[in-house]
Amino acid sequence: MADITLISGSTLGSAEYVAEHVAEKLEEAGFSTETLHGAELDELTPDGIWLLVTSTHGAGELPDNLQPLLDAINAQQPDLSQVRFGAIGLGSSEYDTFCGAIKTIESVLIAQGAKKIGDRLEIDVTQHEIPEDPAEEWVKNWINLLK
């Protein structure tokens with residue numbers, strides 16, 4: 001079992017690239033990782049560290065590959081009290097639903113007992129041509145919270 005499971009939700013691929021880049025940085029820091037692009041609930045361990053990386057599309061919705069996970073959590077109401085997680089959202093501040101997807105999944109996880117590690121990172125793609133850059137800076141601080 002990996003130390004950290006990265007769960008990405010992406011429509012155009014940016015969140016996948018960010019998740020893969022962050023996984024590299026976590027591995028360089030000595031953590032083992034597993035990256036799931038569009039995870040299913042039964043693929044996840046209910047007692048680990050999750051790092052969610054998702055873009056927002058439409059009117060604040062989750063990408064299609066992450067929606068089934070949210071639906072399963074809402075339907076099954078699993079006990080996630082042994083899960084600790086971090087959250088990285090990508091979006092455009094030109095929309096009033098900026099980073100709406102990560103906010104939604106974060107609130108659902110907390111409602112099921114999961115505990116958030118550190119602050120959520122919201123990457124504004126209109127300000128960061130390469131979204132991996134702010135994610136790399138954020139993950140350095142997040143790693144310190146894991147120790």
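1. In this predicted model, residues 24 or more positions apart supply 81% of those contacts in the protein chain that have a separation of 6 or more. The chain can be described first by its overall dimensions and elements, and then through a pocket and two individual residues.

2. On overall dimensions, the radius of gyration of the protein chain is 14 Å, which agrees with the value near 15 Å that a compact globule of 147 residues would have. The C-alpha trace spans about 35 × 35 × 20 Å along its principal axes.

3. As to surface and interior, 51% of the 147 residues in the protein chain count as buried. The accessible surface of the chain amounts to about 7,100 Å², and carbon and sulfur atoms account for 46% of that surface.

4. The secondary structure consists of four helices and six strands, and, read from the N terminus, these elements follow the order β-α-β-β-α-β-α-β-β-α. The two residues taken up in points 6 and 7 can be placed against this order.

5. The largest pocket has a volume of about 300 Å³, and among the 17 residues that line this pocket, those closest to its centre are S55, T56, H57, L90 and G91. Sorted by class, the lining comprises six nonpolar and 11 polar residues, with no charged residues.

6. T5 belongs to strand β1, which covers residues 4-9. With a relative accessible area of 8%, T5 falls under the 20% cut-off and is therefore buried. Leaving aside residues up to four places away in sequence, T5 touches E34, L36, L44, I49, W50 and L51.

7. C99 lies in the loop between β4 (84-91) and α3 (100-111). Its relative accessible area is 1%, so C99 too is buried by the criterion of under 20%. When residues up to four places away in sequence are not counted, the contacts of C99 are with T56, G89, L90, G91, E122 and I123. Of these contacts, T56, L90 and G91 are also named among the residues closest to the centre of the largest pocket.

8. One further distance concerns C99: its C-alpha atom and that of A59 are separated by 10 Å, although the two residues are 40 residues apart along the chain. This spacing may be read alongside the contact statistics of the whole chain, in which residues 24 or more positions apart account for 81% of the contacts with a separation of 6 or more.

Notes
Residues are numbered from 1 along each chain as its sequence is written. This is a predicted model: local features need pLDDT of at least 70, side-chain atom pairs count only at pLDDT 80 or more; totals for chains, interfaces and linings use all residues. Side-chain values use heavy atoms; hydrogens and water are left out. On a 1 Å grid over the protein atoms alone, a cavity is a set of points where a 1.4 Å probe fits but cannot get out, and a pocket is an open set with protein on both sides within 12 Å along at least five of seven lines; lining residues have an atom within 4 Å of a point. Grid points are joined across faces, edges and corners, and a volume is the space filled by probe spheres set on the points. Ala, Val, Leu, Ile, Met, Phe, Trp, Tyr, Cys and Pro count as nonpolar, Asp, Glu, Lys and Arg as charged, and the others, Gly among them, as polar. Helices (H or I, at least four residues) and strands (E, at least two) are DSSP runs, numbered from the N terminus. The radius of gyration is taken over C-alpha atoms; the globule rule is 2.2 Å times the number of residues to the power 0.38. Buried means under 20% relative accessible area, exposed over 50%, partly exposed in between (1.4 Å probe, protein chains only). Contact means heavy atoms within 4.5 Å. Accessible areas come from the Shrake-Rupley method with a 1.4 Å probe; for residues, only the protein chains shown count as cover.
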